[in-house]
Every structure is written in structure tokens, then in C-alpha cells.
Amino acid sequence: MSTAVIADRDIVSDFVTVLVTHRHLHTAEQLGGGRWRVRRTGSERPELLTADQVEELVMDHVISAFAARGLADAGADF
């Protein structure tokens with residue numbers, strides 16, 4: 001998994017919206033206090049995640065998307 005840090009939390013929120021729109025996530029709701037309720041596609045129950053966990057989720061999807069296009073190594077740790 002990625003250990004990268006995205007400094008701007010608004011960017012993380014924007015990426016989460018994109019993941020929901022493209023059905024990579026079923027739902028995602030920002031709860032405040034750095035917590036999120038995320039239901040992954042195919043999962044029956046939502047998970048409560050910290051802001052850091054959501055950031056990692058976003059980075060993993062971004063890295064996978066670049067790797068699928070031959071632009072990055074899927075095993076890379078940015």
C-alpha cells in the first residue's frame with residue numbers, strides 16, 4: 001500500500017467522489033473529525049475509516065489506474 005501523503009484534504013474528497021461516480025466505491029460519506037463511512041462495491045456493510053485510511057485507498061486506486069495504462073509500476077510505493 002501507498003505511504004504517500006496528500007496534503008490537501010479537498011483533493012482526497014474530490015477523488016473519493018470520482019471513485020463513487022465510477023462505481024469503484026458504492027458509497028462514501030465524510031462524517032467529520034477526519035472519519036469517513038465507506039462502503040466498497042460488492043460489500044454489504046460500510047467501514048468506518050480514518051482520513052489517513054481514505055487517503056491510502058485513493059492513492060492505491062490512482063497507482064493502479066496509472067499501472068493499468070503502463071504509466072507506473074503497480075507495486076510502486078510513492
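**A pocket, a core and two salt bridges**

Guide: Sorted by class, the residues that line the largest pocket comprise six nonpolar, four polar and one charged. The model is a predicted one, and the questions that follow start from this pocket.

Visitor: Which element gives the largest share of the lining of the largest pocket?

Guide: The lining of this pocket, whose volume is about 210 Å³, includes Phe 15, Leu 19, His 22, Val 58, His 61 and Arg 69. Two elements, helix 1 and helix 2, each give two or more residues to that lining. Of the elements, the one with the largest share, at five residues, is helix 2.

Visitor: In what order do the elements of the chain run from the N terminus on?

Guide: The secondary structure of the chain consists of two helices and three strands. Read from the N terminus on, these elements follow the order α-β-β-β-α.

Visitor: Which elements give two or more residues to the largest nonpolar core?

Guide: The largest nonpolar core has 10 residues in all, among them Val 12, Val 16, Trp 36, Val 38, Val 54 and Leu 57. In soluble globular proteins, nonpolar side chains tend to be buried together. For this core, the elements that contribute two or more residues are helix 1 (9–21), strand 2 (35–40) and helix 2 (51–68).

Visitor: Is Leu 25, a member of the largest nonpolar core, buried or exposed?

Guide: Leu 25 has its place in strand 1, and, leaving aside neighbours within four places in sequence, it is in contact with residues including Val 16, Leu 19, Val 38 and Leu 57. The cut-off for a buried residue is a relative accessible area under 20%. Because the relative accessible area of Leu 25 is 2%, the residue counts as buried.

Visitor: How far apart in space are Leu 25 and Thr 41, C-alpha to C-alpha?

Guide: Thr 41 is among the residues in contact with Leu 25 once neighbours within four places in sequence are left aside. The two residues are 16 residues apart in sequence, whereas their C-alpha atoms lie apart in space by 4.8 Å.

Visitor: Which residue is in contact with Leu 31 and lies 17 residues from it in sequence?

Guide: Leu 31 also has its place in strand 1, where it is partly exposed, with a relative accessible area of 29%. Apart from neighbours within four places in sequence, Leu 31 is in contact with Trp 36, Arg 37 and Leu 48. The residue 17 places away in sequence, with a C-alpha to C-alpha distance of 9.2 Å, is Leu 48.

Visitor: With which residue does Glu 29 form a salt bridge?

Guide: The structure holds two salt bridges, and side chains of opposite charge can pair when their charged atoms come close. Glu 29 is partly exposed at 39% relative accessibility, and its partner is likewise partly exposed, with a relative accessible area of 34%. With closest N and O atoms 2.9 Å apart, the salt bridge of Glu 29 is formed with Arg 37.

Visitor: What is the N to O distance in the salt bridge between Arg 40 and Glu 47?

Guide: Arg 40 counts as partly exposed at 34% relative accessibility, and Glu 47 counts as partly exposed at 29%. Glu 47 is also one of the residues that Val 38 touches, residues up to four places away in sequence not being counted. The side chains of Arg 40 and Glu 47 meet in a salt bridge with an N to O distance of 2.4 Å.

Visitor: Which residue has a positive phi although it is not a glycine?

Guide: The residue in question lies in the loop between helix 1 and strand 1 (25–32). At 68% relative accessibility it counts as exposed, the cut-off for that class being over 50%. With a phi of about 65 degrees, this residue is Arg 23.

Visitor: What percentage of the residues in the chain is buried?

Guide: Leu 25 is one buried residue, while Arg 23 counts as exposed. Of the 78 residues in the chain, the buried ones make up 21%.

Key
Residues are numbered from 1 along each chain as its sequence is written. This is a predicted model: local features need pLDDT of at least 70, side-chain atom pairs count only at pLDDT 80 or more; totals for chains, interfaces and linings use all residues. Side-chain values use heavy atoms; hydrogens and water are left out. A salt bridge is a side-chain nitrogen of Lys or Arg within 4 Å of a carboxyl oxygen of Asp or Glu. Buried means under 20% relative accessible area, exposed over 50%, partly exposed in between (1.4 Å probe, protein chains only). A nonpolar core is a set of buried Ala, Val, Leu, Ile, Met, Phe, Trp, Tyr and Cys residues joined through side-chain atoms within 4.5 Å. Helices (H or I, at least four residues) and strands (E, at least two) are DSSP runs, numbered from the N terminus. Contact means heavy atoms within 4.5 Å. On a 1 Å grid over the protein atoms alone, a cavity is a set of points where a 1.4 Å probe fits but cannot get out, and a pocket is an open set with protein on both sides within 12 Å along at least five of seven lines; lining residues have an atom within 4 Å of a point. Grid points are joined across faces, edges and corners, and a volume is the space filled by probe spheres set on the points. Ala, Val, Leu, Ile, Met, Phe, Trp, Tyr, Cys and Pro count as nonpolar, Asp, Glu, Lys and Arg as charged, and the others, Gly among them, as polar.
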